[in-house]
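This report describes selected helix packing, strand pairing and loop features in the structure shown below.

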Amino acid sequence: MSLKTIAVCNESELRDGQMKQVDFEGEGKVVLYRLNDKVHATSAFCTHYGAPLAKGVLTADGRVLCPWHGACFRICTGDIEDAPAPAAIHSFKAEIADGKINVTADPSQTLKNNMSRTPKLSIGATGVGKGVVIVGGGSATFHAIESLREHGYSGNITVLSKETHPPIDRTKLSKALITDPSKIEWRTAADLKIKYGTTLRTGVTVTSVDTSSKQVIFDGGKESISYETLILAMGGTPRRLPVDGSDLENVYTFRSIEDSKRVDAAAQEGKRMVVIGSSFISMELVVAVAGRQLASIDVIGMQEYPFQSILGKEVGRGLQKYHESRGVKFHMTSQVEKIVASESNPLLAAGVVVNGQTLLADFVVMGVGVAPATEFLKQSGFQLEKDGGVKVDEYLKVQGHDNVYAIGDIAWYPEKRTGESRRIEHWNVAGNHGRAVGKTIAGDPQPFVKVPVFWSAQGQQLRYCGLGAGYDDIIIHGNPDEMKFVAYYVNRGQVVAVASMQNDPVVSKAAELLRLGLMPAPTELREGKSLLDIDISTASTKARVDSV
């Protein structure tokens, strides 16, 4: 490693609470941060999708949030604070001398193609057997492995996954119809084994857990593995509507690589697609195939507008107008009566009957939600919630079982602000669950207190943070019809969630204001107050920020 010290800017160009991207020898980029009289420096790009961190949000307690998807880093070390960041960023020495800010760095670590810092991992003598066993192979699992090793856990880690590949960036399936898992793997199986000391068992179906003997039984009882600590992270199973024809061969649900392959193969020029459900997975698939010159795309929804229960009527109407401008036909406030088979091939669907009308289809996609994939727990002595979820405490530990945790889509956890139990099917929530549990198991108990964040590709990028379920009022700045707005969701006189399009980094700022308990009152927002004008980064705010 060859270090260089370069004066990157004048001290006067960086005031308290500010951050600034500067050049560093040739094509290198560095972000400077100033907190009071202390200057920090890191590499310039988020390790998730490469967003410029200087366009994000800085807080007085030393966090920088990506402007896009909620990833967060510690500016003094580059360590990951929040998912979905898959790797830490580089941190560099920065100091003030003779009116200049000097940064000392290896120039190669300032390049965008080298934005991720090699993690410092704790790995002991590995082998299958006792240690941590994780059931599931998604976001929660990946981040749990990362967190366990980052925070000093050196014991065995074994993953039992139904899927046939390592953990992937599943969000790209519905947004881009990726069909090759190797293109979106977070880590290869070899890296998990060699660098992370993790034994990955793929294509495995867990059938029961014996908590008295601390064993997980799989593949129909043919095999079992002992554990000291068990993490349940099975995710969800796509639902199918209980209507005639729902099991026909070309009626697809959507969650896995195999599902993506099926839809990708079916969505060819001249074909007719019917989508049942008008929320995020369904509408992301509509965006993904809209440029393929399909003969028709019909969307069936139960509410007046798509996304209505989450985003409200006005935002839903604006998004519907966008999709209609691209040729999508909506059949809202409707329910599917049945799916009819083809006369020439009774194994295939030929249409969907809704409101007495048959919508012709070459293939059908059901995007009607998921159920917690917890079937095997019913026979294993676990008490499940009505929807099949698993109730956990603030440390995501399953009540009544020794050293068993449940994370991700299956977990009912106590929400920090209200204490009410929530089960949330967000990618970021699952990732941050994994990070929290990894830290706890490694010896530093970490209650789960993160603000949920999600995003969706809907022509423009939709960002959302918070817990807006049950909102009773919405305040909108901007125009959803132009897909440029900020929407504030209010419940009992408090803003509980924020959504935006083309207003970055408003949602990242909102997530921090929700975390810190500093979100403005609805009356202030109605008067035009902007979240981006609220100071949470200068020395004068540090006491309030640190008190959280």
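Helices H1 and H9 are roughly parallel to each other in this predicted model, because angles under 35 degrees count as roughly parallel and their axes cross at roughly 30°. The axes of H1 (residues 139-150) and H9 (residues 427-441) come within 7 Å, and the crossing is right-handed. On the H1 side, the contact is made by Ser-139, Ala-140, His-143, Ala-144, Glu-146, Ser-147, Leu-148 and Glu-150. These residues meet Trp-427, Ala-430, Gly-431, Gly-434, Arg-435, Gly-438, Lys-439 and Ile-441 in H9. By class, the residues of the contact of H1 with H9 comprise six nonpolar, six polar and four charged.

A second region is built around a parallel sheet. Five strands, in the order S21-S28-S22-S23-S24, form this open sheet. Its edge strands are S21 (251-252) and S24 (329-331), each of which pairs on one side only. Within the sheet, S22 (residues 272-276) and S23 (residues 296-300) are joined by five bridges in the parallel sense, and Ile-276 stands opposite Ile-300 in S23.

Helix H5 (residues 280-289) lies across S22, S23, S24 and S28 (363-366). The helix runs at about 160° to S22. H5 is largely enclosed by the rest of the structure, because eight of its 10 residues are buried. The buried positions in H5 are Phe-280, Ser-282, Met-283, Glu-284, Leu-285, Val-286, Val-287 and Val-289.

Strand pairing of the antiparallel kind is found elsewhere in the chain. S10 (residues 91-97) pairs with S4 (residues 38-43) in the antiparallel sense, and S10 also pairs in the antiparallel sense with S11 (residues 100-105). In the pairing with S4, Thr-42 stands opposite Ser-91 in S10; in the pairing with S11, Glu-95 of S10 stands opposite Asn-102. The hairpin of S10 and S11 has two residues between the strands, and Asp-98 there takes a positive phi near 55°.

The pairings described above are set out in the following table.

| Strand pair | Residue ranges | Sense | Bridges |
|---|---|---|---|
| S22 and S23 | residues 272-276 and residues 296-300 | parallel | five bridges |
| S4 and S10 | residues 38-43 and residues 91-97 | antiparallel | two bridges |
| S10 and S11 | residues 91-97 and residues 100-105 | antiparallel | five bridges |

The last region concerns a loop and the helix that follows. Asn-503 lies in the loop between strand S38 (494-501) and helix H10 (506-516). Its relative accessibility is 24%, so Asn-503 counts as partly exposed. Leaving aside its neighbours within four places in sequence, Asn-503 is in contact with Lys-484, Phe-485 and Val-486. Asn-503 and Gly-351 are separated by 152 residues in sequence and, from C-alpha to C-alpha, by 40 Å in space.

H10 itself is mostly covered, with 10 of its 11 residues buried. The buried residues are Val-506, Val-507, Ser-508, Lys-509, Ala-510, Ala-511, Glu-512, Leu-513, Arg-515 and Leu-516. Just after H10, Gly-517 takes a positive phi of about 70°.

How values were computed: Residues are numbered from 1 along each chain as its sequence is written. This is a predicted model: local features need pLDDT of at least 70, side-chain atom pairs count only at pLDDT 80 or more; totals for chains, interfaces and linings use all residues. Side-chain values use heavy atoms; hydrogens and water are left out. Axes are lines fitted to C-alpha atoms, for helices over the stretch in contact, and angles run from 0 to 180 degrees between N-to-C directions. Helices (H or I, at least four residues) and strands (E, at least two) are DSSP runs, numbered from the N terminus. Angles under 35 degrees count as roughly parallel, over 145 as roughly antiparallel, 65 to 115 as roughly perpendicular and the rest as oblique. A crossing is left-handed if the near helix is turned anticlockwise from the far one by less than a right angle, and right-handed if clockwise. Contact means heavy atoms within 4.5 Å. Ala, Val, Leu, Ile, Met, Phe, Trp, Tyr, Cys and Pro count as nonpolar, Asp, Glu, Lys and Arg as charged, and the others, Gly among them, as polar. Two strands pair if DSSP finds at least two bridges between them. Buried means under 20% relative accessible area, exposed over 50%, partly exposed in between (1.4 Å probe, protein chains only).
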